[in-house]
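Hi everyone, thanks for making the time. I'd like to walk you through one structure today, so let me put it on the screen.

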Amino acid sequence: MFNLFVLLTERLGIIMLLAFILVNMHFFRNLLEKRTLKSQVWLTIIFSLFVIMANLTGVEISSSKEVVTPLIITGLPQSDSIANTRILVITTAGITGGPYVGMLVGLVGGLHRVVFGGFSDYFYIISSVLIGYFVGACGDKVKGSKLYPSTIWVAILAFVAELIQMAFIFAFHGLGLIKLIFMPMVLLNTIGSTLFIEILKTYLSNERQLKAVQTKDVLELTNKTLPYFRNGLDVNSATHVCQIIKKYTNFDAVGLTDRVNVLAHVGAGEDHHISGEPVLTDLSKTVIATGKEKLAYSKAEIGCPKVDCPLESAVVFPLRVNNETIGALKLYFCAGRHMTVVEENLVRGLAMIFSGQMAIGIAQEQTSLLNEAEIKALQVQINPHFFFNAINTIGALMRVDVEKAHQALMQLSVFFRSSLQSGQEKEVTLAQEKRHVNAYMSIEKIRFPDKFTLDYRVSVPENTLLPSFCLQIFVENAVRHAFKGRKTDNWITVELKRLNDNQLSIRVSDNGNGIDPAILKKLGKKPVTESKGSGTALYNLNKRLQGLYGTSSQLQISTSPAGTTFKTVIPIKYEVHKQS
């Protein structure tokens, strides 16, 4: 029995060695992560090869109960038996692949045992299939949400599997063979199955931990480097990014390029890989041209024209935005060594995140440009009817009162100049906006003497910034629409006050006739064509307010027969004058 124990231990060592080699294969580990039809087919093939090997490397036991130790069993007399690790393989197949994989591997193992055993002992087919299905089904039940059952459950399942096998052997061969093989096979196959699964669990656990560490490293580097990508990748931002990557990694040099030039190179070789100059290495040119990552392990593969360049190995990843390569991330070693999986994955992760961040930055820039273009377009859409009326008024005054005509012309000039200046800016100071409104009201008062009274109630400085044309549109709207049929006692009040440290309240009220409810529903939301003029001023202003400050600054309108109030709340800002 002792000799048999030693020989089976040797066979177990072979299986463990193969298991260790197998688990180091990325293809095999992928099969274990998720149970699919494809993975089950491959696991069945792999474990079937293992179970055949277990049969071939078994220990032969003659009819006289003598242990025979050929290197490989090519044939087995019908009177002889075999002690092997077949049940170990079937058990691990059932636990890793499930009941159907365990059952199919058991069928292969049982059939092979019967065939090379001279077509004797058919019970091995039944016992092997039964064990494979039993272990797989029970393993799935006890593992819960985990990938594999706990160690104690693996040991119990392996032990029960051997007991089932021993029960069949006892039924067909009696107690004599059982006495010889029971202890070695039950003990070693139980230990072997447990060790096999523990090898898988340990390696997969370490791999997850490694991925977690890699993710943490990538996120930390990302957190430190992303602020430099907000305004696009240029020489300055690229230099900071390369300095950060080199500081927190083991690379001897780090570089960033656009499609043509080196943006930054920090570390070894920076004497000739210079910012702003063309990309030198053939490796980088190939990556930029093909859009595919490349690794190099020699100076020749890097292809730097500088003879004494210290860089001897590199990994270069393309930076891609909208399916176009816009540059490359390059990391170098001065020794011609291979990149570790950690280093390669780290660079790949950084390249993907940098590409994504640049894509976001470009998209934000385009959105900003579009918004600004829309705001500019809205700003210049001033209703022209005021200009025609003003010109007609000046023409009429020229006949009766040249001085008033001159005053009106001067105010119209101020209004024009202010309109042109404000049209070029998204925000103007309160002083500029008041000058614009006062010029407008002066012309209106010349046209309609004593009809309107404008009252300012302002408690903020004159350098407070407002959206251009904001007050003028409110005041013009009141002049044109609030006082129909009324010639006197028409008040317009402009009120600006600070609500808190961050917000400014703008209110323009009138004591007019109020707004028709049918029109009120549309004001600020769409152009209103029911009234005179284009009806777009308030709509455009509301669009500009939301484009500049967000939806919280959209127009608020309250109205009644006693008057109307337009209100908006915007962030409070001041114009800062540069002093020499």
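Let's start in the loop between β11, residues 465-467, and α16, residues 470-481, because that is where Phe-469 sits. One thing to say up front: this is a predicted model. Phe-469 has a phi near 70°, which is positive, and this residue is not a glycine. Is Phe-469 buried or exposed? With a relative accessible area of 2%, Phe-469 is buried, since the cut-off for that word is under 20%.

Now follow α16 to the loop that leads on to β12, residues 490-498; there you'll find Asp-489. Asp-489 also isn't a glycine, and its phi is positive too, at about 60°. Here the relative accessible area is 51%, so Asp-489 counts as exposed, the cut-off being over 50%.

While we're in this part of the chain, let's look at the packing. The largest nonpolar core has 45 residues. Which of them touch the most other members? They are Leu-471, Phe-474, Val-475, Leu-496 and Ile-506. Take Leu-471 and leave aside residues up to four places away in sequence: it touches Leu-430, Glu-433, Val-437, Leu-466, Val-494, Leu-496, Ile-506 and Val-508. There is also a second, separate core, with 35 residues, and among them are Phe-28, Ile-46, Tyr-148 and Val-154. As general background, nonpolar side chains in soluble globular proteins tend to be buried together.

With that in mind, please turn to the surface. Phe-27, Leu-37, Val-41, Trp-42, Ile-45 and Leu-49 make up a nonpolar patch there, and together they have about 590 Å² of accessible area. Where does the largest share of that patch come from? Helix α3, residues 37-56, supplies five residues. One of the patch members in α3 is Ile-45. Its relative accessible area is 40%, so Ile-45 is partly exposed, falling between the 20% and 50% cut-offs.

Last stop: a pair of strands. Strand β4, residues 253-257, runs antiparallel to β5, and the two are paired over five bridges. A hairpin of four residues connects β4 to β5. If you'd like one bridge to pick out on the screen, Val-254 is partnered with Val-266 in β5. And how many residues of β5, which spans 262-267, are buried? Six of its six, so the strand is mostly covered.

That's my tour. Happy to go back to any of these places if you'd like another look.

Technical notes: Residues numbered from 1 in each chain as written. Predicted model: local features only at pLDDT ≥ 70, side-chain atom pairs only at ≥ 80, totals over all residues. Heavy atoms only, no water. Buried < 20%, exposed > 50% of the residue type's maximum accessible area, 1.4 Å probe, protein only. Pairing = 2+ DSSP bridges. Patch = residues over 30% accessible without salt bridge, like charges linked within 9 Å, V, L, I, M, F, W, Y side chains within 5 Å. Areas by Shrake-Rupley, 256 points an atom, 1.4 Å probe, with all protein chains shown as cover. Salt bridge = Lys/Arg side-chain N within 4 Å of Asp/Glu carboxyl O. Core = buried A, V, L, I, M, F, W, Y, C linked by side-chain atoms within 4.5 Å. Contact = heavy atoms within 4.5 Å.
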